[in-house]
Structures are given as structure tokens and as C-alpha cells.
Amino acid sequence: MNLPSADVATTATEPAVGTAAVASAAASTAGSGRWGALGPLGLVLAGGISVQFGAAVAVTLMPRVGALGVVALRLAVAAIVLVAVCRPKVRGYSRADWGTIVVFGVTMAAMNGLFYQSVDRIPLGTAVTLEVLGPLALSVLASRRAVNLVWAGLALGGVFLLGGGGFTSLDPVGVAFALSAGAMWATYIVFSARTGRRFPQADGLALAMVVAAVVFLPLGIIESGSKLLAPTTIALGAAVAVLSSVLPYTLELLALRRLPASTFAILMSLEPAIAATAGFLVLNQALSLTEACAITLVIAASMGAVRTQVGRGKARGLGAD
């Protein structure tokens with residue numbers, strides 16, 4: 001399976017909603033003049049910082065409503081915003097179209113739920129580093145080139161360092177949640193592409209987000225109950241949704257108008273480093289030298305895999321001319 005260039009870019013983003021899918025919807029609300037002065041690289045980095053600091057805020061909210069409650073709030077607010085912006089139609093779709101939406105929505109719910117369960121147990125930077133292995137594995141398998149064994153080796157070396165040779169210093173349940181979230185991230189990428197082909201603009205994304213919110217709300221209510229209705233909790237949950245979804249996708253949309261997808265994907269590979277910084281500044285989660293080296297290895301592997309995949313796509317394009 002070979003991913004289109006747009007999907008290669010998506011493989012390196014934070015688990016939430018896909019940049020490519022929300023682009024059309026955000027176009028009508030984003031003001032390029034307001035943000036354009038930052039430059040495309042600045043826009044991408046600002047979006048990445050927003051995503052990871054949003055995740056850090058989510059961690060501070062967990063003592064109030066738990067990990068499941070945070071996910072329920074984030075998905076619910078994101079669904080409301082996307083439906084309000086996109087105003088998706090619900091008629092005229094086939095059973096296969098709706099099947100894709102349901103699977104996409106359930107995948108998003110699982111991806112977010114697993115990720116927030118992991119950051120409730122292990123440091124944010126570590127969780128994102130482990131999670132990015134899912135898209136990295138998908139990229140390696142999609143390319144099927146020998147050089148990707150190098151990137152896989154680098155990634156495995158990083159994971160070995162991160163776990164101290166056996167993950168004895170990390171909560172094994174948190175590690176399992178992070179790796180499972182990475183698998184869901186890879187699945188999300190596949191169904192994001194399918195949804196984009198079947199639905200116009202960002203209609204499919206908005207509908208899938210509604211499915212994700214409906215799937216997860218009962219879990220959040222069971223865990224947190226009336227705590228979800230506290231004004232402070234709602235405000236923090238809305239802040240998480242805006243920081244982790246609405247704001248970054250608007251910034252990334254503006255950047256993608258002037259930035260090659262390959263460059264965008266490589267910049268997104270820096271997410272583990274940004275997450276580690278957010279964890280340190282907001283949550284006082286310091287990294288050891290070994291952990292920093294481990295994250296660097298995974299970032300290098302992700303960048304290398306993306307560059308290999310993009311280079312292969314360009315070579316095929318030249319060969320077709």
C-alpha cells in the first residue's frame with residue numbers, strides 16, 4: 001500500500017483530527033492576513049506547539065474528570081465546532097459511505113482514548129514518542145524499501161533506550177496504551193484518506209467526529225458523571241479542544257498553502273520533542289539524557305522514513321512523464 005503525498009504528511013501529526021481533512025472547512029474561517037506574517041514554517045511550529053501544550057493542559061484536567069472525561073469533553077467540543085463550521089449534509093450517501101464514517105469515528109475515539117490513558121500514566125514526551133511508532137511503521141511498510149530497515153532500526157534503538165532495556169522505569173500499562181494509540185493512529189490515517197475520497201470538503205470529518213463523540217460520551221459520563229458539567233471543567237475542556245484541534249489545523253492549513261507536504265511532514269516529526277518541552281514547562285516532567293537521546297533517535301527515524309517515502313513518490317512521478 002502506497003500512501004499519497006498528502007497522507008505522508010498526515011502520518012506525522014498529533015492524534016486528533018487530520019489537517020488535510022479539515023483544510024476546506026478552515027479555509028472559510030481563517031484569515032491569512034492575520035497569521036501570514038509568521039511564515040509557513042512559523043505557522044507549522046505554532047500549530048505543533050498548540051497541539052502539545054493542549055495535551056499538557058489536558059493532563060492537568062485529568063485529576064478533575066479522569067482521562068475518559070477529558071477525551072469525552074475534547075471530542076464533544078470538537079464535534080460541535082466542526083459541525084457548526086462545516087454544516088455537513090447527511091443525505092445522499094451510500095451504506096458503504098456511512099460504514100467508512102462509523103469506522104473512522106470509532107478509530108478516532110479509540111485513538112484519543114488510548115493516548116490520554118497513556119499520558120495519565122507516563123510522561124507526555126515519552127507517550128508521543130511511543131505513539132509515533134504507529135505512523136512510522138505504516139510509512140515503512142508502505143515504502144517497502146531496504147533503506148527503511150535503517151529507519152526501523154533507529155526507531156527500535158530509541159524505544160530500547162526509552163525503556164531502559166525493559167521499560168522497568170515506566171508504567172507498563174501506560175506504555176501499552178501509547179503503543180496501542182500508535183496502532184490506532186496508523187488505522188486513522190488509512191480511514192482518513194478513504195473518508196476524504198468519499199465525502200466533499202470536511203463533511204466526512206465532521207460526521208466522523210460526531211460518531212467519535214457519541215461513542216465516547218457514555219464512557220466519560222460513567223467515569224466522571226456530573227463533574228463534566230462544572231463550569232471550570234467545561235472551560236478547560238473547551239481550551240483543550242481549541243488548542244489541540246481548531247487552532248493548529250487553521251495554522252497548518254495556512255502553512256500548507258505555501259509549504260511542500262514533504263517539508264510539512266518532516267516538521268511534524270518534531271512532535272515528540274515539542275511534547276517533551278510542553279511536559280517539562282507545564283507538568284514539570286524532566287527528561288534524562290538517555291530519554292532525550294531516545295526521542296532524538298525516533299525523530300530521526302520518522303524524518304528519514306518521510307523523506308524516503310516522498311522521494312519515492314517523486315521518482316515515480318518522473319518515471320511516468
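Helix H4 bends by about 115° at Arg-64 in this predicted model. The effect of such a bend can be followed in the length of the helix. H4 covers residues 40-86, and a straight helix of 47 residues would span 69 Å at 1.5 Å a residue. The end C-alpha atoms of H4, however, are separated by only 24 Å.

Helix H10 offers a useful companion case. This helix takes in residues 203-224, and its 22 residues should span 32 Å at 1.5 Å a residue. The end C-alpha atoms of H10 are 31 Å apart, so the span agrees with the expected value. H10 nevertheless has a kink of about 30° at Phe-216, and the proline Pro-218 comes shortly after that point. What follows H10, and what is the sign of its phi? The residue is Gly-225, with a positive phi near 60°.

The end of H4 can be read in a similar way. Arg-87 follows H4 and has a positive phi, near 45°. Here the positive value belongs to a residue other than glycine. Arg-87 sits in the loop between H4 and H5, and its relative accessibility of 70% is the reason it counts as exposed. Lys-89 has its place in the loop between H4 and H5 as well. With a relative accessibility of 48%, Lys-89 counts as partly exposed, because exposed residues must lie over 50%.

From this loop, the path leads back to H10. Which residues does Lys-89 contact, once its neighbours within four places in sequence are left aside? They are Asp-203 and Leu-207. The C-alpha atoms of Lys-89 and Gly-204 are 9.4 Å apart in space, although 115 residues separate the two in sequence. Val-83, in helix H4, shows a related pattern. Between the C-alpha atoms of Val-83 and Val-210 there are 8.1 Å, with their positions 127 residues apart along the chain. Beyond its neighbours within four places in sequence, Val-83 is in contact with Pro-88, Ala-206 and Val-210. A relative accessible area of 34% makes Val-83 partly exposed.

Helix H5 has its own example in Val-103. Val-103 is partly exposed, at a relative accessible area of 34%. Phe-191 lies 88 residues away from Val-103 along the chain, and the C-alpha atoms of the two are separated by 7.6 Å.

Is Ala-275, further along the chain, buried or exposed? Its relative accessibility is 0%, so Ala-275 counts as buried. This alanine belongs to helix H13, which runs over residues 271-283. Gly-125 is 150 residues away from Ala-275 along the chain, yet their C-alpha atoms are separated by 4.7 Å. Not counting residues up to four places away in sequence, Ala-275 touches Gln-52, Leu-124, Gly-125 and Val-128.

These individual pairs can be set beside the contacts of the whole protein. Among contacts with a separation of 6 or more, 91% are made by residues 24 or more positions apart. The secondary structure comes to 14 helices and 0 strands. Of the 321 residues in the protein, 54% are buried. The accessible surface amounts to about 13400 Å², with 67% of it belonging to carbon and sulfur atoms.

The cysteines deserve a brief look too. A disulfide is a covalent bond between the sulfur atoms of two cysteines. How many disulfides does a search of the whole structure find? The search finds 0. Cys-86 is buried, because its relative accessible area is 13%, whereas Cys-293 counts as partly exposed at 38% relative accessibility.

Finally, a word on confidence will help in reading the model. The protein averages a pLDDT of 74, and 70% of the residues score at least 70. Among the elements, helix H5 (residues 95-119) has the highest mean pLDDT, at 92, while helix H1 (residues 5-10) has the lowest, at 36. Over residues 1-33 the pLDDT is below 50, and this stretch has 100 contacts in the model beyond near neighbours in sequence. Where pLDDT is low, the predicted coordinates should not be read in detail.

Key. Residues numbered from 1 in each chain as written. Predicted model: local features only at pLDDT ≥ 70, side-chain atom pairs only at ≥ 80, totals over all residues. Heavy atoms only, no water. pLDDT = per-residue confidence, 0-100. Helix = DSSP H or I, 4+ residues; strand = E, 2+ residues; numbered from the N terminus. Contact = heavy atoms within 4.5 Å. Buried < 20%, exposed > 50% of the residue type's maximum accessible area, 1.4 Å probe, protein only. Expected span 1.5 Å × (residues − 1). Bend = angle between axes of the 7 residues up to and from the residue. Disulfide = S-S within 2.5 Å. Areas by Shrake-Rupley, 256 points an atom, 1.4 Å probe, with all protein chains shown as cover.
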